[in-house]
Amino acid sequence: MSYEPEFQQALDEVTKALEQSTLYEKHPKYKKVLPVLSIPQKVNQFRVTWENDKGEQEVTVGYRVQYNNCIGPFKGGLRFHPTVNLSILKFLGFEQIFKNALTGTPIGGAKGGLCVNTKGRSENEIRRICNAFMRELYKVIGTEKESPAGDIGVSGVEVGYMHGEYRRLTDRYDSGLTGKGLDFGGSLIRPEATGYGVVYVTDAMIKHATNGRESFKGKRVAISGSGNVAQYAALKAIELGATVVSLSDSKGCVISEKGFSEEQIKNVIAGKAARKTLEFITSDFGFKYISGARPWTHCGPVDIVLPCATQNEVSGEEAEHLIKAGAKYVAEGSNMGSTPEAIAAFEKTRASSESPVWFCPPKLANMGGVMVSQFELAQNAQRISWTAEEVDSKLKSHMIAGLELSMKTAREYSKEGDKVKLPSLVVGANIAGFLKVANAMFDQGDVW
Ligand code: NDP
């Protein structure tokens, strides 16, 4: 077992995608890149301490992994969760390098966070935790070099507190934080961006696979999670005419044969903002709640699967179950949502003419969040605000462009070549992101 299992898993996926393609045969120089790229440029680790509501001192570890800034300033979210450790943040930061490159904009990869359980704490204490974290983080961030955002456990509320503390500590407004409130530099559609982006890219996959005959309309969609990404993926799927049959949280899952309504999802959004459990929020919906379970083996027949909670949340067995249940498209809102066994199970069906499953990895599927974060910084730089329609349409076109680039790259470098109708997006997304960063590293003398 590796000392950093999550990071090793992320590295193995990229290594495999590159080694099993024709990239190294065509261009052997790229073999030199991954050993350099896989080591973060800098890892910041620091003590974070605050006073809790009982007047006691609490202390934990905070991190900012500045992975690679070859194509632009470090950019990536902050996670507040009791499982946060260096392995998880290195996996997330490493993924972020390729994802950010795939957006087509000049942003490097980073990730940070705090090992803390924020559940059950008062708003005052959350504010003190955010302030304490920023008292160290401010030393390494700032628009020109670093740009953090939210992730698990960090919503607009925490971003607001952290941005405020940065401003108080520095007398400057350039925290680079995105996901800010609309009154102080936030962008319309940033909260929705990751979930909407997952649905936009999946819709484009469906249209490609069916030559435009099908879309989300009439499809059954299984979603996990009930946080930021899951909420807006569900709302967009419903808007496009699909039936959302499941949601979950860290305590269990809720299954609805006839589907959640838009109003019910809005209740989930309000309930989660008030830090309630999904079981409590949905208790009067009349749906089935299964304690301690993920939705995949309980959701019945499905067409589309959108894991949107956390890493390694779809096992190989669950993937086999979903394939038998009719899944045709899987797109990961969560980072590394599927285990290697699950990805292998989905990928091996792709060439089958009867029941192919087309799998979209998170580097492509969930890049909508960082894309709109980048739009937020662009608006901040010009001191202007774009309309929701403008942001949404740019988001959609970038998601489609990311899919097209991944398909084109897969056709160019996958050993399957042009023979398959549905090219491997694992190969395409990894290599497309890698090439952009690798070329920049050669050009700037990071690797030679
Ligand atoms: P939130 O904190 O808003 O929601 C996370 C959801 O996942 C909650 O429902 C939470 O349950 C559940 N969850 C967390 N840990 C576990 C676990 N170990 N087992 C089961 N359920 C769990 O986070 P986001 O929605 O922002 O993030 C979800 C995923 O999307 C993450 O993988 C993140 O890295 C990824 N992502 C997020 C982006 C963003 O813009 N927010 C951008 C790109 C990727 P509970 O409510 O009980 O805590």
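Does Gln96 count as buried or exposed, and what decides the matter? In this predicted model, Gln96 has 27 C-beta neighbours inside 10 Å and therefore counts as buried. The reasoning rests on a cut-off: a residue is buried if 20 or more other C-beta atoms lie within 10 Å of its own. Gln96 belongs to helix H4, which is formed by residues 86–102. Leaving out residues up to four places away in sequence, Gln96 touches Tyr67, Gly76, Gly109, Ala110 and Lys111.

A second residue can be examined in the same manner. Ser373 is found in helix H14, residues 368–382. Because 30 C-beta neighbours lie inside 10 Å of this residue, Ser373 also counts as buried. When neighbours within four places in sequence are set aside, the contacts of Ser373 are Lys75, Ala149, Thr178, Gly179 and Arg190. Gln96 and Ser373 are both covered by the UniProt annotation "binding site", which comes from an unreviewed entry and also covers Lys75, Lys99 and Gly150. Lys75 thus appears both in that annotation and among the contacts of Ser373.

The view may now turn to the ligand. It is surrounded by 22 residues, of which Gly227, Asp249, Ser250, Ser334 and Gly369 are the closest. By class, this shell consists of 14 polar, five nonpolar and three charged residues. Helix H8, residues 228–239, supplies three residues, the largest share of the shell. Both domain 1 (39–175) and domain 2 (192–360) contribute at least three residues each to the surroundings of the ligand.

These two domains are the parts into which the protein chain is divided. Their C-alpha centres are 28 Å apart. Where the domains meet, six residues of domain 1 are in contact with six residues of domain 2. The side of domain 1 that touches domain 2 comprises three nonpolar, two charged and one polar residue.

Finally, the protein chain may be considered as a whole. Its secondary structure amounts to 16 helices and 12 strands. The radius of gyration is 21 Å, close to the 22 Å that the globule rule gives for 448 residues, so the chain is as compact as a globular protein of that length. The C-alpha trace spans about 60 × 60 × 50 Å along its principal axes. Of the 448 residues, 52% count as buried, and Gln96 and Ser373 are among the buried residues. Among contacts between residues at least 6 apart in sequence, 75% join residues at least 24 apart.

Technical notes:
Residues numbered from 1 in each chain as written. Predicted model: local features only at pLDDT ≥ 70, side-chain atom pairs only at ≥ 80, totals over all residues. Near = placed C-beta within 6 Å. Helix = DSSP H or I, 4+ residues; strand = E, 2+ residues; numbered from the N terminus. Nonpolar A, V, L, I, M, F, W, Y, C, P; charged D, E, K, R; others polar. Domains from an automatic or database assignment. UniProt positions renumbered as here; feature names shortened; annotations may be inferred. Buried ≥ 20, exposed ≤ 12 C-beta atoms within 10 Å, placed from the backbone. Contact = placed C-beta atoms within 7 Å. Rg over C-alpha atoms; globule rule 2.2 N^0.38 Å.
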